[in-house]
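Biologist: Hi! Could you walk me through this one at an easy pace? I'd like to go through it question by question.

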Amino acid sequence: MTYLGTHLPSSAGFYKMGRAALEMGANTLQCFVRNPRGARAKALKPDDLEKLRVLMEENQFGPIVVHSPYIMNPCSKDEGIRALAARMMSEDLALMEYLPGNYYNFHPGSHTGQGLETGCKQIAEMLDSVVKPDQKTTVLLETMSGKGSEVGGRFEELRRIIDLTACGNRLGVCLDTCHVSDAGYDIAGNLDGVLEEFDKILGLDRLKAVHINDSMNPCGSHKDRHAKIGEGTIGTEAIVRVITHPAMKGLPFLLETPNDEAGHKEEIAMLRREIGEITNG
Ligand code: FE
Ligand code: FE
Ligand code: ZN
């Protein structure tokens with residue numbers, strides 16, 4: 001089975017979140033380990049994470065993705081905000097050792113006027129300060145739409161960050177279909193071309209997870225507004241081509257579409273029907 005899932009709230013606890021994923025026909029998930037504004041989730045307890053780990057194992061889950069809080073910006077011109085980013089990531093990674101073998105995805109950040117090169121250097125510096133040589137979590141850089149002063153809209157920018165780190169051989173990339181399209185990569189019309197470019201610049205072996213989102217805006221718009229699958233400029237067929245592409249085999253696919261739990265359940269079922277994994281429902 002293809003690893004399909006969605007972003008779920010972890011506020012009621014991690015085991016409950018795993019049950020909710022199963023309920024939706026998912027076999028992977030994405031979540032925050034703190035609320036998106038950065039405060040520590042109250043429900044966070046190591047034994048709860050251990051129960052989720054067992055549930056995932058018993059139900060043949062693929063790797064899951066913990067998403068960094070949205071407020072995290074490792075390349076802000078404000079030193080305090082950069083320090084906070086390092087602290088949040090290091091705390092999140094420490095907690096994730098209870099769920100070995102999964103992914104921690106973060107937005108490289110916005111350089112807030114410092115320029116791309118300074119931004120890349122500060123992101124690399126933070127990564128080297130928090131990524132431990134023996135940790136069991138792979139940190140993923142997310143491909144971004146390139147809005148504002150966002151770093152990571154071009155594959156070259158992610159490459160630059162990786163090249164500036166000492167821990168680069170242990171970093172991966174999470175491809176977001178809405179973001180790459182908004183950044184100007186024609187994932188709907190020329191998936192093979194986009195993946196060839198990804199391979200040339202980053203190497204397909206770095207691709208560890210995929211965010212499957214439709215986009216409200218045309219390719220190259222630099223907007224970052226997610227749409228439900230089939231209700232945007234990418235379309236269901238193109239998303240299905242992404243999920244079934246041989247280069248994507250075995251990766252976790254996570255929906256971040258503007259939908260409620262029932263809507264996500266239907267979206268997962270629709271995608272499983274489209275890829276021929278369920279024939280009814
Ligand atoms: Fe993201
Ligand atoms: Fe995303
Ligand atoms: Zn986005």
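Biologist: Is Gln60 buried or exposed?
Modeller: Gln60 counts as exposed, because its relative accessibility is 59% and the cut-off for exposed is over 50%. Keep in mind that this is a predicted model.

Biologist: Okay, and where does Gln60 lie?
Modeller: You'll find Gln60 in the loop that runs between α2 (46-58) and β3 (65-67).

Biologist: What is the phi of Gln60 near?
Modeller: The phi of Gln60 is near 50°, so a positive value, and Gln60 is not a glycine. As background, most residues other than glycine have a negative phi.

Biologist: Now Thr112, please. What is its phi near?
Modeller: Thr112 has a positive phi too, near 45°. Thr112 sits in the loop between β4 (103-106) and α4 (116-130). With a relative accessible area of 28%, Thr112 is partly exposed.

Biologist: Let's switch to the metals. Which residues coordinate the iron ion (ligand 1)?
Modeller: His67 and His107, each through NE2, and Glu142 through OE coordinate the iron ion (ligand 1), at 2.0 to 2.2 Å. Along the chain, these donors follow the spacing H-x39-H-x34-E. His107, in the loop between β4 and α4, and Glu142, in strand β5, are 35 residues apart, and the pair links distant parts of the chain.

Biologist: Is His107 buried or exposed?
Modeller: His107 is buried: its relative accessible area is 19%, and buried means under 20%.

Biologist: And which residues coordinate the iron ion (ligand 2)?
Modeller: The iron ion (ligand 2) is coordinated by Glu142 (OE), Asp176 (OD), His211 (ND1) and Glu256 (OE), at 2.0 to 2.3 Å. The angles among the four donor atoms go from 86 to 175°, and the site is irregular. In sequence, the donor residues are spaced E-x33-D-x34-H-x44-E.

Biologist: Glu142 again! How far apart are the two iron ions that Glu142 bridges?
Modeller: The iron ion (ligand 1) and the iron ion (ligand 2) are 3.2 Å apart, and Glu142 coordinates both. Glu142 lies in strand β5 (residues 138-142) and His211 in strand β7 (residues 207-212), so this pair ties together parts that are 69 residues apart in sequence.

Biologist: Why does Glu142 count as buried?
Modeller: Glu142 counts as buried because its relative accessibility is 0%. His211 also counts as buried, at 0% relative accessibility.

Methods
Residues numbered from 1 in each chain as written. Chains lettered and ligands numbered in written order. Predicted model: local features only at pLDDT ≥ 70, side-chain atom pairs only at ≥ 80, totals over all residues. Heavy atoms only, no water. Donors = N, O, S within 2.8 Å, 3.2 Å for Na, K, Ca; no water. Tetrahedral: all angles 85-135°; square planar, octahedral: opposite > 155°, others 65-115°. Helix = DSSP H or I, 4+ residues; strand = E, 2+ residues; numbered from the N terminus. Buried < 20%, exposed > 50% of the residue type's maximum accessible area, 1.4 Å probe, protein only.
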